[in-house]
Amino acid sequence: MWRMVEHGAVSWLAAHRTRFDPDAADEGRVLFVRKALVEVALLVGLRARAESGSFDDADYQMLFDQVTAVAARASYRELVARDERALLLYAGTYASQRLCGQRDSEFERLIGQAVSGRYAACFERVPFRQLDLLHTLELAGIDHGMPVADAVLSFSLLCANPSVLKLSDGDIYAITHTVFYATDFGRRVPRWPTGFDLPQAVELLEALSLLCRQRENADLVAELLCCLLCLGIRDSPETERAWAFLADVQEPSGRVAGPEGVLPPELENGDAEYRGWATGYHTTIVAALAGHIARDAAVIRRPSPPPPRSAGKGRLEAAIRRAIAWLTDDALELPFDDAVPAAGAASRAARSVGEPQLAARTLTHLVHCAESALAQPVAWGKQGVDAVAECARGLSACELACDSLDRFLTDTAGALTGLTAVPTTAAGGVRRLQDLGRLTAQQADSLLASTDPASLLAEDHAPAVTAVALAQYADGQPLRLGDDASAWHSVAERFAAALPTACRSYRLEEVAALIQGLGVLGWADHRITRDGTDFLLCQQHPTGAFGYPARDDHQERATAQRIWTRSCVVALSCLYNLYDE
């Protein structure tokens, strides 16, 4: 597959090679074309290095001839002496020439003179740009006297192990370029900083690749695929999915379209052919680069490392216990309709940590609320099956009784007697009634046989809505969705892809629902789920409540935290039971 992607991409680039000539560009587009030129030059140089200075493909040769023609002009190469901030453009072009065996003493002298001029190589750069400079000067054979690349790595975003859920596209580019330059496009193992964990870095890149595939950002998918190859990872499930994605989006001409908004507004105008080149050249170059790295015999190969595991259940348990205490204190003043979901969440959480008595005080208050409301019908049916079932489970575990709840469960079970089918959305309720001893196993199995969880997966539903439905269906037990994990992979990817936006928008209920859904789908230990869990844990107050409403009204604050805390503690309780010890 990679051979097909690379061949098509290079063929398209060669067919549009004259577009990489700054002298042929309109005045307002010259700088844009100069940047495009150095990018295609790098691709050509790396390919020539792998082929000992020659090319095994006529299209590469045509691109090389184009780069050489531009670099030979004094009007191009002498710009390095006049525009020192753009040193990388010209040094990169020369580095490509040098990799192709085309030494040019005058061009090399001009670049060296700019480097020694006490500005071009020393103005402030973020770490990945500094790595870009060091790597480019290395390929160009220019002495510079600056610290080696390994000294810069500890300041990079890659080595900080960031949360995948908070990274912007710009952040991801910083990570991918760090890998490119630090590894010399896969040809060396850098001296990573103390504490750097390669499996963790691979996990980060694969998680980002998943998110970018779901966003249909072929540019970043190609860059992340290149990074995995640079780190020696060739045959992981994610690299296979990334290749399949690129092959699927590649046009018959070989072009791979870039993401929306790739052109600045001032360059939007122009004919369709120009826009097609300008919006696709970079992504097409990176797709070709991935093919080159995949077949470069000098690139280091290593087996996929085992993914890191979660840090354990200790942090989760502490957070769950704090939330139970807060829910208990908060529920003591609540009316019945608010006390039911609070008691249900506290009961679910207490059951997860193996101490149902932690919810006893909340459940006792709930019973008193129900008894005081006996003059009116107690609307257990309006409270939602999850909350009511957890209240019933908690009461039973704490050896407490509630007559009105007992009657409600008996009546509900009776209404199901004689039915031969129930909606799929009712499957969770059937299981809970069986667990509570209200339905026999035979009755429950007969009703459950009429349901199919696949009916919950319509893609026109929001991912968080689907996640809630699956969690209700499975009641926290992944095996209830069937043994074929691959059938649910695309659903889990949709949940994962929705998490960053939910976090950025501070929709904690959605975050909690998506995390619980991922856990039910067997992704409790996935990097994206763990980073989502870390996000939730960072939203807990010392009091045990979850969420920061950023409001001053006391009632609004209390309502928001009450809803968030219930949702978060249920999700964390589900994960707690799914994590291995």
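**Exercise 1. Classify Phe185 and its ring partner.**

Decide whether Phe185 is buried or exposed.

Solution. Phe185 has a relative accessible area of 2%, so it is buried. The cut-offs are under 20% for buried, over 50% for exposed and partly exposed in between, with a 1.4 Å probe and protein chains only. This is a predicted model: local features need pLDDT of at least 70, side-chain atom pairs count only at pLDDT 80 or more, and totals for chains, interfaces and linings use all residues. Residues are numbered from 1 along each chain as its sequence is written, and side-chain values use heavy atoms, without hydrogens and water. Next, take Tyr181. Its relative accessible area is 7%, so Tyr181 is buried.

**Exercise 2. Characterise the pair of Phe20 and Trp277.**

State how the rings of Phe20 and Trp277 are arranged, and which parts the pair ties together.

Solution. Start with the count: the structure holds 17 aromatic pairs. Rings of Phe, Tyr and Trp (its six-membered ring) pair if their centres lie within 6.5 Å; planes under 30 degrees apart are stacked, over 60 edge-to-face, the rest tilted. For Phe20 and Trp277, the centres are 5.4 Å apart and the planes stand at 80°, so the pair is edge-to-face. Now place the residues. Phe20 lies in the loop between α1 (2–15) and α2 (30–50), and Trp277 in helix α13, so the pair ties together parts 257 residues apart in sequence. Helices are DSSP runs (H or I, at least four residues), numbered from the N terminus. Finally, widen the view. Ring pairs link Phe20, Phe32, Tyr274, Trp277 and Tyr281 into a cluster.

**Exercise 3. Place Trp277 in the core.**

Find which residues touch the most other members of the largest nonpolar core.

Solution. A nonpolar core is a set of buried Ala, Val, Leu, Ile, Met, Phe, Trp, Tyr and Cys residues joined through side-chain atoms within 4.5 Å. The largest one has 198 residues, and Ile111 and Trp277 touch the most other members. Helix α13 (residues 272–295) gives the most to this core, with 12 residues.

**Exercise 4. Trace the surroundings of Gln540.**

Locate Gln540 and find which backbone oxygen lies 2.9 Å from a polar atom of its side chain.

Solution. Gln540 is in the loop between α24 (527–537) and α25 (554–578). With a relative accessible area of 9%, Gln540 is buried. The backbone oxygen is that of Ala319. Beyond neighbours within four places in sequence, the contacts of Gln540 (heavy atoms within 4.5 Å) include Ala319, Arg322 and Tyr548.

Key:
Helices (H or I, at least four residues) and strands (E, at least two) are DSSP runs, numbered from the N terminus. A polar contact is a pair of N or O atoms within 3.5 Å; within protein, one must be able to donate a hydrogen and the other to accept it, and residues adjacent in sequence count only if both atoms are side-chain atoms.
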